[in-house]
Amino acid sequence: MPLVRYRTGDFVRLADPRVDGELEFPWPAAADVVGREQEFLVTGTNRKVALTTFNMHDAVFDGLYAVQFFQDRPGFAEFRYLPGPQFDRSRLPQITSAISAKLGDDLQVELREVSEVERTERGKHRWLVSRLAAGERH
């Protein structure tokens, strides 16, 4: 299916007829979808953690209006959270523990309360704000 005028944010490996065989159509085709640049945290050992696998299926984020990761260097990320009026701050150690269990030992995470989370130009919520240089992301 041609993706015309869509900005998905996905990285792909373009098909190469020498490796992937004859192409069905005479235009560029994607052989593999590698992933989304904006949805990976980079650990201290250069392991990439996809945030799509970070779903919490328990009540760990209950009482928070919004959450967002921010990363500007490998091995360290900020977990920004916007608390709702009923949020109990005594739950912060539980949240830290749940995040660490999901992300592993090679990524240090610091919690930071914010009054708002960064959004896209169109006002959509961003799960991750990455300020890593291109070489640090790949």
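A residue counts as buried when its relative accessible area is under 20%. In this predicted model, Val129 has a relative accessibility of 0%, so Val129 counts as buried. The residue lies in strand β8, which spans residues 128-130. Beyond neighbours within four places in sequence, Val129 is in contact with Gln68, Phe69, Phe70, Gln71 and Glu118. Glu39 is 90 residues away from Val129 along the chain, yet 8.6 Å separates the C-alpha atoms of the two.

Four of these partners can be placed in the wider fold. Strand β5 covers residues 64-73, and Gln68, Phe69, Phe70 and Gln71 are among the contacts of Val129. Phe69 also appears in the largest nonpolar core. That core holds 20 residues. Leu41, Phe69, Phe79, Ile95 and Leu103 touch the most other members. At least two core residues come from each of β5 (64-73), β6 (76-83) and α2 (92-103). Helix α2 gives the most, with five residues.

The chain as a whole contains three helices and eight strands. Their order along the sequence is β-α-β-β-β-β-β-α-β-β-α. Buried residues make up 34% of the 138 in the chain. Contacts between residues at least 6 apart in sequence were also examined, and 58% of them join residues at least 24 apart. The accessible surface of the chain is about 9,500 Å². Carbon and sulfur atoms account for 50% of that surface.

Definitions and conventions. Residues numbered from 1 in each chain as written. Predicted model: local features only at pLDDT ≥ 70, side-chain atom pairs only at ≥ 80, totals over all residues. Heavy atoms only, no water. Core = buried A, V, L, I, M, F, W, Y, C linked by side-chain atoms within 4.5 Å. Buried < 20%, exposed > 50% of the residue type's maximum accessible area, 1.4 Å probe, protein only. Helix = DSSP H or I, 4+ residues; strand = E, 2+ residues; numbered from the N terminus. Contact = heavy atoms within 4.5 Å. Areas by Shrake-Rupley, 256 points an atom, 1.4 Å probe, with all protein chains shown as cover.
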